Amino acid sequence: MTRKHTRPSRRALLGGAAVTALAVAAGTGTAQAAGHRPAWPTEFPLPDGWLPEGITIGGAPYAYMGSRADGAILRTDLRTGKGEVLHEGAPGLVAIGLKLGRDGLLYVAGGGGGTARVVDARTGEPERTHQLTSTTGHFINDAVLFPDRAWFTDSRDAVLYGVARGRGGGVRALPLTGDWEQLPGVNNANGIVSTPDGRDVIVVKSTPGELYRVSLRTGRATRIALSGAENVVNGDGLVRVGRTLYVVQNRSNMVTVFDLDADSTKATLRRSITDPRFDVPATAARFGDRLYLVNARFTSPQTPETTFTAVAVPL
């Protein structure tokens with residue numbers, strides 16, 4: 001993997017890439033069948049020792065994957081599987097969950113450092129850093145974007161943090177109440193997505209494996225009743241497509257797929273996705289009719305020589 005990076009135009013990043021997305025949605029597609037375009041890879045390597053955790057994809061066919069080793073961000077072209085380091089890391093930094101906004105900015109959860117960083121997705125330049133918490137007793141894990149704020153989970157505290165988008169505004173701390181019970185010494189709040197109605201968020205609680213709808217107005221958490229599954233233990237990244245919710249269960253090496261009811265208070269298991277290439281997948285992102293996942297390999301040695309991959313499975 002080269003450490004140099006090129007810069008696709010902001011239009012390429014944010015313009016929707018309608019033709020490309022249509023080709024993915026069509027599978028191999030007529031162009032591929034005619035021999036005009038090779039099939040897109042369903043597995044591609046990450047740099048050795050990358051220690052991946054988060055992945056995000058916008059309207060164009062580029063995946064952005066963060067590193068737990070030093071907070072760097074890799075940009076990979078989904079059409080070829082070739083990746084380049086967009087944003088160089090630094091000692092003491094980590095990149096856990098991350099999301100790409102239509103504003104061309106990446107919002108990056110900073111783990112135990114207690115930060116939320118904002119990085120330009122075109123240039124890789126850092127825009128700003130928000131210190132959400134102290135550097136002990138917290139773990140800023142994942143993010144979801146709303147028009148006014150980026151909301152971050154803290155796996156070690158019963159609080160969501162809303163970072164104002166744009167240069168104005170501050171940080172809002174939203175304590176979790178209602179059905180939420182914070183458990184000591186384990187990861188609690190992890191992955192986060194918006195509800196289908198766009199008003200609130202759904203949060204997965206990794207231990208003991210529960211889903212909650214959380215009001216962004218009050219912080220009240222309502223436990224989502226599961227049908228067809230006892231729990232979503234090891235729940236990590238979340239992806240929502242309409243009223244379909246995909247829950248990545250990392251050490252369980254599977255993705256469970258649920259249908260949400262109208263008010264997102266009940267989730268009915270539709271199916272489970274497994275794949276022999278899964279090696280503790282942490283988070284996922286959708287492009288076309290595929291789900292792309294990074295293998296965090298938490299159960300393997302986490303060394304500079306450890307190999308890592310990202311894989312794609314059909315939705």
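The largest cavity in this predicted model has a volume of about 50 Å³, and the count of cavities of 30 Å³ or more comes to one. Besides this enclosed space, the briefing covers an open four-stranded sheet, in which strand 2 takes part, and several backbone features found in loops, including a cis peptide bond between Thr-207 and Pro-208.

**The cavity and its lining**

- The residues that line the largest cavity are Gly-54, Ile-55, Gly-97, Leu-98, Lys-99, Asp-142, Gly-237, Leu-238, Thr-283 and Ala-284.
- Four strands each supply at least two residues of this lining, namely strand 2, strand 6 (98-100), strand 20 (235-241) and strand 24 (281-287).
- By residue class, the lining of the largest cavity divides into four nonpolar, four polar and two charged residues, with glycine counted among the polar ones.

**The open sheet**

- Strands 2, 3, 4 and 5 form an open sheet in the order 2-3-4-5, and the pairing within this sheet is antiparallel.
- Strand 2 (52-57) and strand 5 (83-87) stand at the edges of the sheet, where each has a single partner strand, so one side of each is left without a neighbour in the sheet.
- From one strand to the next, the twist of this sheet averages 30 degrees.
- Strand 4, which covers residues 73-77, pairs with strand 5 in the antiparallel sense over four bridges, and Ile-73 has His-87 in strand 5 as its bridge partner.
- Strand 2 therefore links two topics of this briefing, since this strand stands at an edge of the sheet and also supplies at least two residues of the lining of the largest cavity.

**Backbone features in loops**

- The peptide bond that joins Thr-207 and Pro-208 is cis, with omega at about 10 degrees, and Pro-208 is found in the loop between strand 16 (201-205) and strand 17 (210-214).
- Leu-51 is not a glycine, yet this residue has a positive phi of about 55 degrees, and Leu-51 is found in the loop between strand 1 (43-46) and strand 2.
- Leu-51 counts as buried because its relative accessibility is 13%, and the cut-off for buried is under 20%.
- Ser-264, likewise a residue other than glycine, has a positive phi near 55 degrees, and Ser-264 lies in the loop between strand 22 (254-260) and strand 23 (266-273).
- Ser-264 also counts as buried, because its relative accessibility is 1%.

Terms used: Residues are numbered from 1 along each chain as its sequence is written. This is a predicted model: local features need pLDDT of at least 70, side-chain atom pairs count only at pLDDT 80 or more; totals for chains, interfaces and linings use all residues. Side-chain values use heavy atoms; hydrogens and water are left out. Two strands pair if DSSP finds at least two bridges between them. Axes are lines fitted to C-alpha atoms, for helices over the stretch in contact, and angles run from 0 to 180 degrees between N-to-C directions. On a 1 Å grid over the protein atoms alone, a cavity is a set of points where a 1.4 Å probe fits but cannot get out, and a pocket is an open set with protein on both sides within 12 Å along at least five of seven lines; lining residues have an atom within 4 Å of a point. Grid points are joined across faces, edges and corners, and a volume is the space filled by probe spheres set on the points. Buried means under 20% relative accessible area, exposed over 50%, partly exposed in between (1.4 Å probe, protein chains only).
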